[in-house]
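Me: Please show me the structure, and let us then go through it by question and answer.

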Amino acid sequence: YKSLIGGEFYEPDEENPMIGFRGCGRYTDPFFTECFEMELDAIKKVRGAMGMTNVEIMIPFVRTLEMARDVMLILEKNGLKRGENGLKVNMMAELPSNVFLADEFLEYFDGFSIGSNDLTQLTLGLDRDSGLVAQYFDERNPAVMKGLEILIKAAKAKGKYVGICGQGPSDHPDLAKWLMDQGIDSVSLNPDSVIPTYMFLGKK
């Protein structure tokens with residue numbers, strides 16, 4: 001975003017932007033209020049003037065319950081109250097804190113989309129973009145799979161949506177099968193892996 005016109009006014013220089021000024025923490029920061037409100041105006045136009053009320057909101061990188069509460073207040077202030085006119089607000093579940101407090105986060109949101117890339121990176125404490133530690137990045141690590149299991153069970157227990165986006169199911173059909181067995185509602189795949197994964201799952 002920094003390379004776009006005006007981007008330098010809103011994109012700070014950070015040593016590690018992957019765990020820096022991003023997601024929900026950005027949306028709820030006064031520094032970013034004007035930008036976030038423009039994004040919300042676009043959503044209101046799509047759902048209102050264009051009549052696409054099936055469009056839902058997804059909030060990424062929700063570090064704390066306080067952030068969840070604050071972003072909901074901002075949405076409501078800007079005419080996008082959860083539940084009003086059928087509006088659903090989901091969150092990306094991609095942090096260890098989301099796993100530990102899965103039930104509590106679901107009090108604020110209508111469901112989870114599990115971000116397996118960030119969840120793996122932050123659970124195992126590694127930089128997924130570093131070739132020096134790339135060999136340790138595996139969504140099938142038992143610690144990561146335990147986190148996936150907790151998130152899926154929490155959502156299913158409350159009758160809420162849970163899906164997954166990330167590289168894992170595309171790279172590892174056995175992981176896609178395991179997720180299906182856990183009862184996940186949807187799995188995102190790379191275009192070139194859709195048919196092979198579908199065929200693999202169909203055999204089981």
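Me: Which residues does F112 touch, not counting residues up to four places away in sequence?
Reply: This is a predicted model, in which local features need pLDDT of at least 70, side-chain atom pairs count only at pLDDT 80 or more, and totals for chains, interfaces and linings use all residues. Residues are numbered from 1 along each chain as its sequence is written, and side-chain values use heavy atoms, with hydrogens and water left out. Contact means heavy atoms within 4.5 Å. On that basis F112 touches M91, A93, A102, F105, L106, L151, A155, Y161, V162 and G163.

Me: How many residues has the largest nonpolar core?
Reply: Such a core is a set of buried Ala, Val, Leu, Ile, Met, Phe, Trp, Tyr and Cys residues joined through side-chain atoms within 4.5 Å; buried means under 20% relative accessible area, exposed over 50%, partly exposed in between (1.4 Å probe, protein chains only). I59, V62, F109, F112, I114 and L148 have the most contacts inside the core, whose residues number 41.

Me: Which strands stand at the edges of the open sheet?
Reply: Strands (E, at least two residues) and helices (H or I, at least four) are DSSP runs, numbered from the N terminus, and two strands pair if DSSP finds at least two bridges between them. The five strands follow the order β1-β2-β3-β4-β5, with parallel pairing. Two of them have a single partner strand each, so one side is left without a neighbour in the sheet: β1 (57–59) and β5 (186–187).

Me: Which residue in β4 does G115 stand opposite?
Reply: Strands β3 (residues 111–115) and β4 (residues 161–165) pair in the parallel sense over five bridges. Opposite G115 in β4 stands C165.
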